[in-house]
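This report looks at how aromatic rings and cysteine links are arranged in one protein chain. Please keep the sequence and the structure in view while reading.

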Amino acid sequence: MCGQKNAGRIVGGVQTGVNEWPWQAALMSGTHQFCGGSLINDRYVLTAAHCTANLSPSSLTVRLAEHNLATSGETTLVTRSVSQIINHANYNNETMKHDIALLKLSSPVQVGSTLLPVCMPLARPTYAGKTATVTGWGTTSSGGSSSNTLREVDVPVLSNSQCRATQYGTAILSTMLCAGRTGKDSCQGDSGGPLVFKDGGGNYDQIGIVSWGYGCAANGYPGVYTRVSKYLNWIKKKTADGVYCSGMSL
């Protein structure tokens, strides 16, 4: 099954358990983690186009089953090079519309208890007023230091009309989703990582991709995410050669 959490940029959150979020990916440039992502099947990682728009596949690697970036041996790391970067063809780096990308791994990964894909959301979901969770190794304050250990924070999801009532106004498009409150948010370095929601079946669905925002956890400025449900057909088309696990809606 996809989206099964193991027991076990983030502002106002806590450190996760080791392998607690088994789909979390770290995008690496050499030994430097610069963005996040999520495993969606045995061959593809979902991330943000602003993380990868100017990169070549040879310039990055993907770490899976990672927890503490500064420690070796804590987990059984799975590292893959990238054979293809698939940025959305209509990504706009000014409006941040279509801020979504896929990384095709050089070879499939073996799915197991410590490495499991996240589920995709329903096509017509309603999450406003619900609580979701965002994870990442990003900074713990705006412009601050990043975290070596994966962190998580629960954030309230806003309706788009609520989000447009903030200072963001019409910058919030239908392909975006807002979540967060003062002191609780994603931050620099969390970009491309997953915002997940525990559905009625007990699986975690990825409803957002960390995209943009004003500062981190600033009053009146929630985090803005790419709304994954708007891209299900695009994801399905671009990842047709990947193997999805049972429970996946694609």
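## Tyr168 and its ring partners

In this predicted model, Tyr168 has a relative accessible area of 9% and is therefore buried, since buried means under 20%. Its ring pairs with that of Tyr221 in an edge-to-face arrangement, with 5.4 Å from centre to centre and 75° between the planes. The two tyrosines belong to distant parts of the chain, 53 residues apart: Tyr168 sits in the loop between helix 2 (160-164) and strand 10 (176-179), whereas Tyr221 sits in the loop between strand 12 (204-212) and strand 13 (223-227).

Which residues do ring pairs link into a cluster with Tyr168? The cluster consists of Tyr168, Trp212, Tyr214 and Tyr221.

## The tryptophan pair

Across the whole structure, the search finds seven aromatic pairs. One of them is formed by Trp21 and Trp23, whose ring centres are 5.9 Å apart and whose planes meet at 65°, so that this pair counts as edge-to-face; the cut-off for that class is over 60 degrees between planes.

Are Trp21 and Trp23 buried or exposed? Trp21, at 4% relative accessibility, counts as buried, and Trp23, at 0% relative accessibility, counts as buried too.

## The chain as a whole

The protein chain is built with three helices and 13 strands. Of its 250 residues, 56% are buried. The accessible surface of the protein chain comes to about 10300 Å², and carbon and sulfur atoms account for 46% of that area.

## Disulfides: Cys2 with Cys119

How many disulfides does a search of the whole structure find? It finds three disulfides. A disulfide is a covalent bond between the sulfur atoms of two cysteines.

One of the three joins Cys2 to Cys119, with a sulfur-to-sulfur distance of 1.9 Å. The link of Cys2 and Cys119 is right-handed, with 95° about the S-S bond. Both ends of this link are buried, because Cys2 has a relative accessible area of 0% and Cys119 is at 2% relative accessibility, where the limit for buried is under 20%.

## Disulfides: Cys35 with Cys51

Another disulfide joins Cys35 to Cys51, and here the sulfur atoms are 2.1 Å from each other. Why is the disulfide of Cys35 and Cys51 left-handed? The torsion about its S-S bond is about -85°, so the disulfide of Cys35 and Cys51 is left-handed. This pair links distant parts of the chain, 16 residues apart, with Cys35 in strand 3 (residues 32-39) and Cys51 in helix 1 (residues 49-52).

As for accessibility, Cys35 is buried with a relative accessible area of 5%, and Cys51, at 7% relative accessibility, counts as buried as well.

## Disulfides: Cys163 with Cys178

The disulfide that joins Cys163 to Cys178 has an S to S distance of 2.0 Å, and the link of Cys163 and Cys178 is left-handed, with -80° about the S-S bond. Cys163 lies in helix 2 and Cys178 in strand 10, so this pair ties together parts that are 15 residues apart in sequence. Cys163 and Cys178 are both buried.

Helix 2 and strand 10 also place Tyr168, which lies in the loop between them. The link of Cys163 in helix 2 and Cys178 in strand 10 can thus be viewed alongside the ring pair of Tyr168 and Tyr221.

Note on methods
Residues numbered from 1 in each chain as written. Predicted model: local features only at pLDDT ≥ 70, side-chain atom pairs only at ≥ 80, totals over all residues. Heavy atoms only, no water. Helix = DSSP H or I, 4+ residues; strand = E, 2+ residues; numbered from the N terminus. Buried < 20%, exposed > 50% of the residue type's maximum accessible area, 1.4 Å probe, protein only. Areas by Shrake-Rupley, 256 points an atom, 1.4 Å probe, with all protein chains shown as cover. Phe/Tyr/Trp six-rings, centres within 6.5 Å; stacked < 30°, edge-to-face > 60°. Disulfide = S-S within 2.5 Å.
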